[in-house]
Amino acid sequence: MLIHSAAQLLTLKGGPQRGHALGTLGIIENGAVVVRDEKIVAVGDTEDLRNSYPNEPTIDASGSVVMPGFVDPHTHLVWAGDRADEFDKKMAGKPYLEILAEGGGIISTVMATRTASLESLTAQTRQRTQRMFEYGTTTAEAKTGYGLQLDTELRLLQTLIDLDREGPLELAITFLGAHAIPPEYKDNPQGYTDEITKRMLPELKDWWGTNAPHMDLPFVDVFCEHNAFTHKQSRQILTQACSLGFPIKIHADEFKNLGGASLAAELGAASADHLVSTSEADIATLAKSETVAVSLPCTPFGLAEKDYTPAHKFIKANAYFALASDCNPGTSWNESMQFVIALACRMLKLTSAQAIAASTINSAYAIRREDHIGSIEEGKQADILVMDIPDYRQIGYRYGTNLVKQVMKRGKLL
Ligand code: NIG
Ligand code: FE
């Protein structure tokens, strides 16, 4: 298959982009790409590739931007029900952490999720994976965290394993048993922390080996936050996860600065996510590491809050910077990375080019899949978007409508 005559082919070649390198799109005008089976075999100028591959079936991309599929590196995709009943209260000014402390928020979704069957969870989550795909996300990270007890958490993992196998959206799975303190441990958060480290993580490792032997171990994540897990408890969980061989991530500084970003750097986390109230010292520490700073601008937008990640401080400090949707029922029910980019341009003051790099090659690095997705380069998986726009800057500039014309996943046009 030869995709040819792209007004702009954004290759994003050259690997993850650190600090001020962010926004290097590697544009080829009148560009073309050749795909065989699941992979990209050639990238270049349309006339050159037409001559080298004269008998290839073709897709005419004239007037279009061709680019890598979006990679969304932070979602809470698997849950049951919704929280429409809380929305008006939140907009009237009731704080998110207060609703959580009263047993609402995440806990109300936990109650709905615990009673949902595997079939029901799969059907509800599939609606979201399909919508993401239609909006150009070809790979997404997806967390558990609405079970908060081992059997339900395993059911959520099974849902994600099944949906990844079914496709077309590819999933990078994360165990977030440490998303909140469940009602059974309301007065004993340390007891739940011990339950995660002593029982859940070792059992998860055995379960994964039996139920998903074809997949790498999932990430382990912690919500390091006031009214969730303290810095010390987060360290306990993540250290145990590392010693069992799990790769790790952390929710850090969404509301309060507990030092989660430095903890992520110290423990070698793939990413530290949210980063709204991160201190200068934590930014400096994170920026010296290989941990990707993942910003989720839909979350303050969804909560109508005024503070966003200070993106330029991370970029200036030379961090790897990426964007994600945080798709979840409480703070950010949004499946579109195009909207994330539009917000990032306005609220984080990124250029369209920076926001696109942060949503492709850098977000692939945030889930440690930069070796096979996130750019259009020879040898990489053919995850490619044909966008219904002649200039990449329309992504970001325009919002609220879907600019995707065609999505190719692993070489199949869908
Ligand atoms: O990333 N911060 C914790 N988790 C989610 C919200 C989950 C929920 O409210 O259901 C987040 O914002
Ligand atoms: Fe989150």
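A residue is called buried here when its relative accessible area is under 20%, exposed when over 50%, and partly exposed in between, with a 1.4 Å probe and protein chains only. By that criterion Ser352, with a relative accessible area of 14%, is buried. The model is predicted, so local features need pLDDT of at least 70 and side-chain atom pairs count only at pLDDT 80 or more, while totals for chains, interfaces and linings use all residues. Residues are numbered from 1 along each chain as its sequence is written, chains are lettered from A and ligands numbered from 1 in the order in which they are written, and side-chain values use heavy atoms, with hydrogens and water left out.

**Domains**

- The chain is divided into domain 1 (2-68 + 375-413) and domain 2 (70-365), with bounds that come from an automatic or database domain assignment.
- The centres of domain 1 and domain 2, taken over C-alpha atoms, are separated by 29 Å, and their contact (heavy atoms within 4.5 Å) takes 34 residues from domain 1 and 35 residues from domain 2.
- Between them, domain 1 and domain 2 bury about 2,800 Å², 63% of it on carbon and sulfur atoms; buried area is the accessible area (1.4 Å probe) that two parts lose on being put together, summed over both.

**The parallel sheet**

- An open sheet of 8 strands follows the order E6-E7-E8-E9-E10-E11-E12-E13, with parallel pairing; two strands pair if DSSP finds at least two bridges between them, and helices (H or I, at least four residues) and strands (E, at least two) are DSSP runs numbered from the N terminus.
- Strand E6 (70-72) and strand E13 (321-323) stand at the edges with a single partner strand each, so one side of each is left without a neighbour in the sheet.
- Neighbouring strands of this sheet are turned by 25° against each other on average, direction ignored.
- E7 and E8 run parallel and are joined by 5 bridges, with Thr139 opposite Glu170 in E8.
- Strand E8 (residues 170-178) also pairs in the parallel sense with strand E9 (residues 219-224), over 3 bridges; here Thr174 stands opposite Phe219 in E9, and Phe175 stands opposite Val220 in E9.
- Strand E8 is largely enclosed by the rest of the structure, because 9 of the 9 residues of E8 are buried.

**Helices against the sheet**

- Helix H7 (residues 189-211) lies across E8 and E9 and runs at about 150° to E8, where axes are lines fitted to C-alpha atoms, for helices over the stretch in contact, and angles run from 0 to 180 degrees between N-to-C directions.
- Helix H13 (residues 337-347) packs on the sheet, touching E6, strand E7 (137-143) and E13, and its direction makes about 85° with that of E6.

**The iron site**

- The iron ion (ligand 2) has as its protein donors His74 (NE2), His76 (NE2), His251 (NE2) and Asp326 (OD), lying 2.0 to 2.5 Å from it; donors are N, O and S atoms within 2.8 Å of the metal (3.2 Å for Na, K and Ca), and since water is not among the atoms, sites may look incomplete.
- The donor residues of the iron ion (ligand 2) are spaced H-x1-H-x174-H-x74-D in sequence, and distant parts of the chain are linked by the pair of His76, in the loop between E6 and helix H2 (84-91), and His251, in strand E10 (residues 249-252), 175 residues apart.
- Both His76 and His251 are buried.

**Leu350 and Ser352**

- Leu350 lies in the loop between H13 and helix H14 (352-358) and is buried, with a relative accessible area of 5%.
- Not counting residues up to four places away in sequence, Leu350 touches Ala311, His312, Ile315, Phe321, Leu323, Ala344, Cys345 and Ala355.
- The C-alpha atoms of Leu350 and Gly396 are separated by 9.5 Å, although the two residues are 46 residues apart along the chain.
- Ser352 is found in helix H14 and, with residues up to four places away in sequence not counted, touches Cys345, Tyr392, Arg393, Ile395 and Gly396.

**Backbone geometry**

- The peptide bond from Gly167 to Pro168 is cis, with omega near -5°, and Pro168 is placed in the loop between helix H6 (150-166) and E8.
- His274, found in strand E11 (residues 271-274), has phi near 95°, a positive value in a residue other than glycine, and counts as buried at 2% relative accessibility.
- Arg410, in the loop between strand E15 (404-409) and strand E16 (412-413), has a positive phi near 45° and counts as partly exposed at 30% relative accessibility.
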